[in-house]
Amino acid sequence: MHSGKSVSVHFSPADADTGIVFHLLADGGVTEIRALHSEVGSTDLSTVLGDPAGAHVATVEHLMATLFGLGIDNVAIEIDGSEVPILDGSAALFVDAFEHAGIERLAARRRYIRVLKPVRIEAGGSWAEFRPHDGTRFEVEIDFDSPAIGRQSLAIELDPERFRDVARARTFGFMKDVERLWAAGFALGSSLENSVVIGDDHRIINMEGLRWPDEFVRHKTLDAMGDLALAGARFIGCFRSYRGGHKLNAAALRRLLADSSAYQIVDTSRRERSRAAEVSAVAGPLHAPSVR
Ligand SMILES: [Zn+2]
């Protein structure tokens, strides 16, 4: 998307408790970067893991959202460039690839971050918050001046089936911003093949139009899933945001994890099969998600 360079990505199975680890191949060496919030180096145009001036991997959000949405906790990702390919601007091709390869259930118990009390962050006219909730829920609202988007909201209780409702939603942008980014040397791979573009006349430039009338808020929800997937464990709670983005998502996650009274690490072996499955507190350090 931003470098305009071609890149190969190879996914390999990983053992329980490995987490999601990028292996960056460059100059004959390999740099490992864990997909954790503590590794976020920038959220300016996309979510970047690592040092933006050194070894890093950019635009991880749609891939991370796919892993979160499909319930994949452990995978090794080999990549020979510094940016995850944008593909068609959505998570659709990642979903197809993982479903084609198959997903194996491991014997280990999955750990969760259970939200115990509301945690909120505000910035300008935007806000984001976590609230206690029995399940993993997203309530995302956007509000753009452009009548092409306007005000849209989406509430989704996450499971692999519902994930399809957001997985195919594409990245979007305004023509005037794309031109500015091009001039600054960014968005070099951006095109109508991988972005919904809104023209100066507030019309959608893409010939094929939108995949859903509310594709924009669906995509923002996908982005939020990808950013929160960097917690190191999935959360049990409701994430809500208004006019959010990568920066606000990352800040909300940092604030939640900085307050040890706001969450608890729990695990359960059969959560997916039964919502009523008991969730037990895990003995151990509360900062566990950030060191996995
Ligand atoms: Zn996105």
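In what order do the 4 strands of the open sheet lie? Let's find out by walking through this predicted model together.

**Stop 1: the sheet.** Show the strands as a cartoon and read across: the order is β1-β7-β2-β3, and the pairing is mixed. Now select residues 9-13 (β1) and 29-34 (β3): these stand at the edges with a single partner strand each, so one side of each has no neighbour in the sheet. Turn the view a little and you can follow the twist, as neighbouring strands are turned by 25° against each other on average, direction ignored.

**Stop 2: an edge pair.** Keep β1 and add residues 75-79, which form β7. The two strands run antiparallel and are joined by 5 bridges. To pick out one pairing, click on V9; its bridge partner in β7 is I79.

**Stop 3: the helix across the sheet.** Next, select residues 61-70, helix α1. This helix lies across β1, β2 (20-26) and β7, and runs at about 145° to β2.

**Stop 4: the zinc ion.** Stay with helix α1 and show the side chain of H62, then add H219 and D223. The zinc ion has NE2 of H62, NE2 of H219 and two OD atoms of D223 as its protein donors, at 2.1 to 2.8 Å. Along the chain, the donors follow the spacing H-x156-H-x3-D. The two histidines link distant parts of the chain: H62 sits in helix α1 and H219 in helix α5 (residues 215-228), 157 residues apart. The angles among the 4 donor atoms run from 52 to 147°, and the site is irregular.

**Stop 5: a surface view.** Are H62 and H219 buried or exposed? H62 has 5% relative accessibility, so it counts as buried. H219, at 3%, also counts as buried.

How values were computed:
Residues are numbered from 1 along each chain as its sequence is written. This is a predicted model: local features need pLDDT of at least 70, side-chain atom pairs count only at pLDDT 80 or more; totals for chains, interfaces and linings use all residues. Side-chain values use heavy atoms; hydrogens and water are left out. Two strands pair if DSSP finds at least two bridges between them. Axes are lines fitted to C-alpha atoms, for helices over the stretch in contact, and angles run from 0 to 180 degrees between N-to-C directions. Contact means heavy atoms within 4.5 Å. Donors are N, O and S atoms within 2.8 Å of the metal (3.2 Å for Na, K and Ca); water is not among the atoms, so sites may look incomplete. Four donors count as tetrahedral if all angles lie between 85 and 135 degrees; four count as square planar and six as octahedral if opposite donors are over 155 degrees apart and all others between 65 and 115; anything else is irregular. Buried means under 20% relative accessible area, exposed over 50%, partly exposed in between (1.4 Å probe, protein chains only).
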